[in-house]
Amino acid sequence: MKKYCFGIDVGGTTVKCGLFTADGDVIDKWEIVTRTEENGKNILPDVAQTILAKLEEKKIQKDEVVGVGIGIPGPVNENGEVPCAVNLHWGYTNVAGDLSALTGFSVKAGNDANVAALGELWKGGGAGYRDMIMVTLGTGVGGGIIINEKIIAGSHGAGGEIGHAHVEDNMTEPCNCGSCGCLEQFTSATGIARLAREELANTDEPSALRGQEITAKAVFDAVKEGDAVAERVAVRFGEYLGKALSVFSIVVDPQIIVIGGGVSKAGPILFDYIMGPFQRYAFAACKETKFALATLGNDAGIFGAAKMVL
Ligand code: ZN
């Protein structure tokens, strides 16, 4: 009998859904709206409803379904419970228990960043490896640590929250987490733009970055054109990230570090700036750690969610 599973990735505006075979082939993927009104009470019933409707549509029997994996934007404990998820307007929610009761399937829940990391390990930039650190450079900096193909969520659900590692004492502006000098403040898309504004303010040198909206993309586009100011921004970005990754690598000793998120669209040029500092500071045994770009984009979450139940 053919076996199937569902991978669900709940975001603040849409829920991404995937129907997979047990081998990891995508049969269908679709989205529904995340209804966050009334403390998000409709979100799990909506997910259950779309899953059951898909089974009907594809003529799949319930006993052919291995289970449902679901990623949630918030901390998730081992039992699939969420103390709160701000973007979903949730207080305490037993995600695994409730969705299991609504569908009749076995359900595993995880934090969305960790689940996306598992997806990249299974079918993306980390495919073929077991031990990986995933770094997501977006508006913020997220992460996920996978050891022996399992997510390390930690005892407070904070495992892999590498964006809030303290990397700079001389920073007075607060991070979103309330601390100062977090990795996220220098290596996220907004952090890179901040570094660029600082560099521009410190010099009269001509630069393609002047007179345009400064984004991480604009910075790396200018680096590719040989812009000296942008180049210095990239060097500072690489120092912060490469050095931090050398520290994380001695804690976790991964086979591979995968870089994803919007900033990773700059491409392999990122490694030109990260690898030097990483190599300089990494412990000898960790210098061979491989680096790769994420490949699944926004689909990483549904892949990782599916993998959780297989
Ligand atoms: Zn922080």
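## A zinc site and a five-stranded sheet

The four donor atoms around the zinc ion subtend angles of 104 to 121°, which makes the arrangement tetrahedral. For four donors, that label needs all angles to lie between 85 and 135 degrees. For reference, the ideal angle at a metal with four tetrahedral donors is 109.5 degrees. Keep in mind that this is a predicted model.

Who holds the zinc ion? On the protein side, the donors are His 164 through ND1, plus Cys 175, Cys 177 and Cys 182, each through SG. They sit 2.0 to 2.3 Å from the metal. Along the chain, the donor residues follow the spacing H-x10-C-x1-C-x4-C. His 164 and Cys 177 are both in the loop between strand 10 (150-151) and helix 5 (184-187), so this pair ties together parts that are 13 residues apart in sequence.

How open are those two residues to the outside? Here are their values:

| Residue | Relative accessible area | Class |
|---|---|---|
| His 164 | 30% | partly exposed |
| Cys 177 | 42% | partly exposed |

Now for the sheet. It's an open one, with five strands in the order 3-2-1-4-7 and mixed pairing. Strand 3 (26-33) and strand 7 (107-111) are the edges, each pairing on one side only. Going from one strand to the next, the twist averages 15°.

Helix 2 (residues 43-58) packs on this sheet, where it touches strand 1 (4-10), strand 2 (14-21), strand 3 and strand 4. The direction of helix 2 makes about 145° with that of strand 3.

Over at the strand 7 edge, strand 4 (residues 65-72) and strand 7 run parallel and are joined by five bridges. If you want a spot to look at, Ile 70 has Ala 109 in strand 7 as its bridge partner. Lying across these two strands is helix 3 (residues 95-103), which runs at about 145° to strand 7.

Which residues of helix 3 are buried? They are Val 95, Ala 96, Leu 99 and Thr 103. Looking down the axis of helix 3, you'd see these buried residues fall within an arc of 90°, so they line one face of the helix. As for what they pack against, that's helix 2, strand 4, strand 5 (81-82), strand 6 (93-94) and strand 7. Helix 2 thus turns up again here, among the partners of the buried residues of helix 3. Right after helix 3 comes Gly 104, with a positive phi near 85°.

Definitions and conventions:
Residues are numbered from 1 along each chain as its sequence is written. This is a predicted model: local features need pLDDT of at least 70, side-chain atom pairs count only at pLDDT 80 or more; totals for chains, interfaces and linings use all residues. Side-chain values use heavy atoms; hydrogens and water are left out. Two strands pair if DSSP finds at least two bridges between them. Helices (H or I, at least four residues) and strands (E, at least two) are DSSP runs, numbered from the N terminus. Axes are lines fitted to C-alpha atoms, for helices over the stretch in contact, and angles run from 0 to 180 degrees between N-to-C directions. Contact means heavy atoms within 4.5 Å. Buried means under 20% relative accessible area, exposed over 50%, partly exposed in between (1.4 Å probe, protein chains only). The arc is that of the directions from the helix axis to the C-beta atoms. Donors are N, O and S atoms within 2.8 Å of the metal (3.2 Å for Na, K and Ca); water is not among the atoms, so sites may look incomplete. Four donors count as tetrahedral if all angles lie between 85 and 135 degrees; four count as square planar and six as octahedral if opposite donors are over 155 degrees apart and all others between 65 and 115; anything else is irregular.
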